[in-house]
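Hi everyone, thanks for coming. Please have a look at the structure on the screen, and I'll walk you through it.

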Amino acid sequence: MPLVAFQFRCVGKVQGVFYRASTKQQADLLGIKGWVRNETNGDVSVHAEGEEQTVMKLYQWCLQGPPLARVQEVIKSATTLENFDRFEVRYF
């Protein structure tokens with residue numbers, strides 16, 4: 001199956017609640033490559049690459065997030081495939 005790339009912008013109480021670490025854990029379990037990072041406005045951004053069905057599983061997880069998160073919305077958009085070799089947490 002062809003690989004796809006999507007960007008997710010996670011909005012709500014998503015910083016300070018282990019959202020990045022939990023997203024990395026989920027991505028690793030699913031075999032997704034890319035990154036997750038905090039944004040200065042309080043959102044969390046995710047770049048996810050993999051088979052579309054698998055990437056959509058991560059999207060569904062992001063809608064809920066870890067237990068302490070309060071996700072208001074996740075804005076999904078297709079993006080350029082960069083062929084990452086792993087999933088990483090990025091910092092400012």
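Let me begin with a term: helices and strands here are DSSP runs, H or I over at least four residues for a helix and E over at least two for a strand, numbered from the N terminus. Read along the sequence, this protein then goes β-α-β-β-α-β-β, which gives two helices and five strands. Please keep in mind that the model is predicted, so local features need pLDDT of at least 70 and side-chain atom pairs count only at pLDDT 80 or more, while totals for chains, interfaces and linings use all residues. Residues are numbered from 1 along each chain as its sequence is written, and side-chain values use heavy atoms, with hydrogens and water left out.

Now the overall form. The radius of gyration, taken over C-alpha atoms, is 12 Å, close to the 12 Å from the globule rule for 92 residues, so the protein is as compact as a globular protein of that length. That rule is 2.2 Å times the number of residues to the power 0.38. The C-alpha atoms fill a box of roughly 35 × 25 × 20 Å along the principal axes.

Next, the strands. Two strands pair if DSSP finds at least two bridges between them. Strand β1, residues 3-13, pairs antiparallel with β3, residues 44-51, over eight bridges; here Phe6 stands opposite Ala48. Strand β1 also runs antiparallel to β4, residues 70-78, and eight bridges join these two. On that side, Gly12 stands opposite Val71.

What about burial? Buried means under 20% relative accessible area, exposed over 50%, and partly exposed in between, with a 1.4 Å probe and protein chains only. Of the 92 residues, 46% are buried. One of the buried residues is Asn38, at 11% relative accessibility, and Asn38 sits in strand β2, residues 33-38.

Finally, the cysteines. How many disulfides does a search of the whole structure find? Zero, where a disulfide is a pair of cysteine sulfur atoms within 2.5 Å. In general, a disulfide is a covalent bond between the sulfur atoms of two cysteines. Why is Cys10 not bonded to Cys62? Because the sulfur of Cys62, the closest cysteine sulfur to that of Cys10, is 4.4 Å away, too far for a bond. Are these two cysteines buried or exposed? Cys10 is buried, at 0% relative accessible area, and Cys62 counts as buried at 0% too.

Thanks for listening!
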